[in-house]
Amino acid sequence: MARLLLSKSTLLKEKKRLESFLRFLPSLEMKRQQLMVAVKKSQARSDSLRQQAAANEKIISDEVPMLAIEGIDLQNLCQVKSVQQQRKNVVGVWLLDISSIEFELAEISILAKPHWVDFLQAKLKQDIEISIMLDIEFFNLNRLKQELKKVTQRVNLFDKVLIPEARKN
């Protein structure tokens with residue numbers, strides 16, 4: 001730490017510096033709290049999506065045991081055509097949000113395929129949607145955690161280093 005001059009102007013500068021630190025700290029603390037809430041919400045959404053995916057897989061395995069038959073061609077039943085994303089600002093962090101997902105569903109002939117292929121196609125579509133949403137939520141969660149870490153470091157810098165140093169000076 002550099003030595004300070006013992007003058008009225010230096011004292012005035014240090015008082016102004018301390019006032020500004022004390023003014024910035026509550027807003028940083030509030031942002032940190034809002035980010036913690038956003039992280040918890042994002043974790044809850046990702047947990048919910050994981051549960052939906054597990055439930056969907058269980059439904060498929062319970063309802064369609066005929067998938068074990070190898071003679072039926074089930075390739076390209078459901079493919080993603082496009083995913084439209086938009087950006088949203090949450091507590092100063094730009095996150096991704098899915099606005100729409102378009103699928104290309106294979107035409108199923110009633111005579112060529114078994115009756116359960118329609119059900120399987122719908123469930124595959126749901127599973128792909130959940131998977132894409134889970135990927136986006138994982139990306140958003142990582143962004144929020146990074147920003148939370150950065151804001152926490154700033155709060156600690158102000159709270160534990162800059163404010164005590166300014167008070168001491």
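**Note on the hairpin, helix 2 and the largest pocket**

1. Val 80 has Phe 103, in strand 2, as its bridge partner. This is a predicted model. The pair belongs to a wider match: strand 1 (residues 78-90) and strand 2 run antiparallel and are joined by 12 bridges.

2. The turn deserves a look. Strand 1 and strand 2 make a hairpin, with two residues between them. Val 91 sits in that turn and has a positive phi of about 55°. Strand 2 itself covers residues 93-105.

3. Next, helix 2. It spans residues 117-168, which is 52 residues. From first C-alpha to last it reaches 75 Å, close to the 76 Å expected at 1.5 Å a residue. Even so, helix 2 has a kink of about 35°. Find it centred on Phe 158.

4. The largest pocket holds about 210 Å³ of space. Which elements each supply at least two residues of its lining? They are helix 1 (8-63), strand 2 and helix 2. Strand 2 gives the most, with five residues.

5. The lining of the largest pocket is mixed in character. Seven of its residues are nonpolar, one is polar and four are charged. Arg 45, Lys 88, Asp 97 and Glu 137 are among the lining residues. So are Asn 140 and Met 133. Leu 49, Leu 95, Leu 96, Ile 98, Ile 101 and Ile 136 also line this pocket.

6. For reading the helical parts of the model, one rule helps. An α-helix has 3.6 residues a turn, so residues three or four places apart point the same way. On helix 2, Met 133, Ile 136, Glu 137 and Asn 140 can be checked against it, as they line the largest pocket.

Methods:
Residues are numbered from 1 along each chain as its sequence is written. This is a predicted model: local features need pLDDT of at least 70, side-chain atom pairs count only at pLDDT 80 or more; totals for chains, interfaces and linings use all residues. Side-chain values use heavy atoms; hydrogens and water are left out. Helices (H or I, at least four residues) and strands (E, at least two) are DSSP runs, numbered from the N terminus. The expected span of a helix is 1.5 Å times one less than its number of residues. The bend at a residue is the angle between axes fitted to the seven residues ending there and the seven starting there. On a 1 Å grid over the protein atoms alone, a cavity is a set of points where a 1.4 Å probe fits but cannot get out, and a pocket is an open set with protein on both sides within 12 Å along at least five of seven lines; lining residues have an atom within 4 Å of a point. Grid points are joined across faces, edges and corners, and a volume is the space filled by probe spheres set on the points. Ala, Val, Leu, Ile, Met, Phe, Trp, Tyr, Cys and Pro count as nonpolar, Asp, Glu, Lys and Arg as charged, and the others, Gly among them, as polar. Two strands pair if DSSP finds at least two bridges between them.
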